[in-house]
Amino acid sequence: MLSYIYTGKTGHLTVSLASDLLVAADKYQLKGLKTICCNYLKKTVSTNNAVKILILGDKLASDLKDYVMEFICNECDKTSVLEKLEGWKILEKRQPFLAVEVLNLIVRTLQQKITESKSQRRD
């Protein structure tokens with residue numbers, strides 16, 4: 001964080017480092033660093049780290065949360081796949097409202113796809 005404050009650069013980031021820096025950037029209101037960390041986490045989100053980044057976004061950055069929710073929705077459009085996400089069971093137990101929010105988005109997206117599919121068949 002100090003390196004960023006003095007040079008405006010972060011150096012080589014990892015998911016873990018970007019997550020830690022995001023927490024510090026939020027705490028000390030370093031908007032530029034927060035943006036850099038969020039952008040890095042968006043680029044590196046995967047099924048292995050999506051839940052962890054979702055939780056971080058829920059606490060610190062709504063744009064990151066929205067991005068990860070869309071990622072989960074696109075990657076895990078079936079409940080069976082969703083349950084295999086690393087950390088999903090923990091999320092359901094510790095933050096059930098966030099888990100329900102993700103599930104609601106998946107349902108809305110599936111409903112939209114069904115509606116679009118039906119309208120295409122009519123045409």
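This passage describes the fold, the nonpolar core and the salt bridges of one protein chain. The model is predicted.

The protein chain contains 8 helices and 0 strands. Its pattern along the sequence reads α-α-α-α-α-α-α-α. Along the principal axes, the C-alpha atoms occupy a box of roughly 60 × 35 × 20 Å. Of the 123 residues in the chain, 34% are buried. The chain exposes about 8,100 Å². Carbon and sulfur atoms supply 52% of that exposed area. Contacts between residues at least 6 apart in sequence were also examined. Among these, 53% join residues at least 24 apart. The chain carries 19 positive and 14 negative charges. The mean positions of the two sets lie 2 Å apart.

The interior was considered next. In soluble globular proteins, nonpolar side chains tend to be buried together. The largest nonpolar core of this chain has 35 residues. Those with the most contacts inside this core are L22, L54, L64, V68, I72 and W88. Six helices each supply at least two residues of the core. These are α2 (15-27), α3 (31-44), α4 (50-60), α5 (62-75), α7 (88-94) and α8 (96-122). By these ranges, L22 falls in α2, L54 in α4, and W88 in α7. L64, V68 and I72 fall within α5.

I72 illustrates how the core is joined. With neighbours within four places in sequence left aside, I72 is in contact with A50, L54, L82, L85, V102 and I106. A50 and L54 fall within the range of α4, while V102 and I106 fall within that of α8. One of the contacts of I72, L54, is itself listed among the core residues with the most contacts.

Charged side chains add further links. The count comes to 5 salt bridges. One of them joins D63 and K42, with an N to O distance of 3.0 Å. D63 lies in helix α5 and K42 in helix α3, so this pair ties together parts that are 21 residues apart in sequence. D63 is partly exposed, at a relative accessible area of 38%. K42 is buried, at 18%. The limit for a buried residue is under 20% relative accessible area, so K42 qualifies.

K65 takes part in two salt bridges, one with D58 and one with E101. K65 lies in helix α5. In the bridge with D58, the closest N and O atoms are 3.2 Å apart. In the bridge between K65 and E101, the N to O distance is 3.0 Å. E101 lies in helix α8, so its pairing with K65 of α5 ties together parts that are 36 residues apart in sequence. D58, K65 and E101 are thus linked in a network of salt bridges.

The members of this network are covered to various extents. K65 is buried, with a relative accessible area of 12%. D58 is partly exposed, at 31% relative accessibility. E101 is also partly exposed, at 32%.

The surroundings of K65 include other residues too. Not counting residues up to four places away in sequence, K65 touches L54, G57, D58, L98 and E101. Two of these, D58 and E101, belong to the salt-bridge network. L54 is also a contact of I72. Thus L54 touches both K65 and I72.

How values were computed: Residues are numbered from 1 along each chain as its sequence is written. This is a predicted model: local features need pLDDT of at least 70, side-chain atom pairs count only at pLDDT 80 or more; totals for chains, interfaces and linings use all residues. Side-chain values use heavy atoms; hydrogens and water are left out. Helices (H or I, at least four residues) and strands (E, at least two) are DSSP runs, numbered from the N terminus. Buried means under 20% relative accessible area, exposed over 50%, partly exposed in between (1.4 Å probe, protein chains only). Contact means heavy atoms within 4.5 Å. Accessible areas come from the Shrake-Rupley method with a 1.4 Å probe; for residues, only the protein chains shown count as cover. Lys and Arg count as positive and Asp and Glu as negative; His and the chain ends are not counted. The place of a charge is taken as NZ of Lys, CZ of Arg, CG of Asp or CD of Glu. A nonpolar core is a set of buried Ala, Val, Leu, Ile, Met, Phe, Trp, Tyr and Cys residues joined through side-chain atoms within 4.5 Å. A salt bridge is a side-chain nitrogen of Lys or Arg within 4 Å of a carboxyl oxygen of Asp or Glu.
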